[in-house]
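Me: I have a structure in front of me and would like to learn how to read it. Could you walk me through some features?

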Amino acid sequence: MLPLKSGVTIGEGRTPLVESRLRRNLFVKFDGANPTGSFKDRGMALGVTVAKEAGADKVIVASTGNTAASAAAYAARAGLKAYVVLPKGNVARGKLVQAALHGAVIIAVDGYFDKALELVLDHGTKRAYPLNSFNPWRLEGQKTVAFEIYEELGCPDNVVVPVGNAGNIYAIWKGFKELGELGLCPKLPRMIGVQAAGAAPLARAWREGLNSPLFVDSPKTIASAIKIGRPINWVKAFIAVRESGGMFVEVDDGEILRAQAALARADGLGVEPAGAASVAGALALDLPGITVAIATGHALKDPDVVEVKTISISSQEELIPLLER
Ligand code: F0G
């Protein structure tokens, strides 16, 4: 079911599927447990393998951060040079640190992700091998999450996915459809795409019953990974949601942060805000049947969104009353 065996690998995939204590019949697929802390590694393994086989010596991505971190790591592993083009001030700290650590050339652009992607499309792709999700190999790799869910749980009724540039929801749908073609999934899951309210070109269009997105010029959300106004894969995402009988929904930043905290405290899963958006969507919708929410990225990616409370003490006299409280 995969076009070739991944040559370049750091051990991606096989992430935990955890039955949540937040809601009956809710499972969380923790793709933040991938080597660089996000689902991007599934696709990057294949994408970088193809880049290397094609004889490329440089790869390039535009990114809200996770694609950059993953491309930097897999390019390093393959001995390729990575260029990452990022929206200045819109990338979480952990992701920047990863790109730097793995030796990528970091280029910061004024504007949002959409501007960074436009620059890569206009000027980058002729000079370096592009590894954004318009590259079909990325999506081929990302569909493996469907195969893992099938192996662990069978075919769920609903799969809830955070949507930014809108590639992953299609990749996962493609994976389930292939299981269906093999007779393994008699009933395919509904694909539910979740967007942040301030960056919801697809969810808004869906609500209005439109056939094309209501692009957003100035996206706003705490979930910087999905702070995208013009998703390049929107056609594919519409196909996934329509064919599967699913829907797009939006959740606001408050719901995202509450879902992030609830998941951390009920299930011990630390996810970044975009990764919590799917859980927020699943909790808001109360879907019938078995639901799998994809938690796409690790909490440590974006440490700055979490409020840290500490109690300072300097003696045991101060410690004991705290413990007996
Ligand atoms: N969740 C996380 C943690 C992400 O990093 C992304 C996308 C998504 C969800 C949405 O996936 O774009 O396939 O709809 N991050 C990209 C990046 C845009 O550059 O890292 P999508």
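Reply: Happy to; we will go from the overall build to one sheet. Keep in mind that this is a predicted model.

Me: How many helices and strands does the protein have?

Reply: There are 12 helices and 10 strands. The radius of gyration is 20 Å, close to the 20 Å that the globule rule gives for 325 residues, so the protein is as compact as a globular protein of that length. Along the principal axes, the C-alpha trace spans about 65 × 45 × 40 Å.

Me: What share of the residues counts as buried?

Reply: A residue is called buried when its relative accessible area is under 20%. Here 54% of the 325 residues meet that mark. As for the outside, the protein exposes about 14,000 Å², with carbon and sulfur atoms supplying 53% of it.

Me: What do contacts tell me about residues 24 or more positions apart?

Reply: Take the contacts with a separation of 6 or more: residues 24 or more positions apart account for 73% of them.

Me: Which order do the strands of the open sheet have?

Reply: Reading across, the 4 strands run S5-S4-S3-S6, with parallel pairing. Strand S5 (105–109) and strand S6 (129–130) are at the edges with a single partner strand each, so one side of each has no neighbour in the sheet.

Me: Over how many bridges do S3 and S6 pair?

Reply: Strand S3, residues 58–62, pairs with S6 in the parallel sense over 2 bridges. To find one on screen, look for Val-59, whose bridge partner in S6 is Tyr-129.

Definitions and conventions
Residues numbered from 1 in each chain as written. Predicted model: local features only at pLDDT ≥ 70, side-chain atom pairs only at ≥ 80, totals over all residues. Heavy atoms only, no water. Rg over C-alpha atoms; globule rule 2.2 N^0.38 Å. Buried < 20%, exposed > 50% of the residue type's maximum accessible area, 1.4 Å probe, protein only. Contact = heavy atoms within 4.5 Å. Areas by Shrake-Rupley, 256 points an atom, 1.4 Å probe, with all protein chains shown as cover. Pairing = 2+ DSSP bridges.
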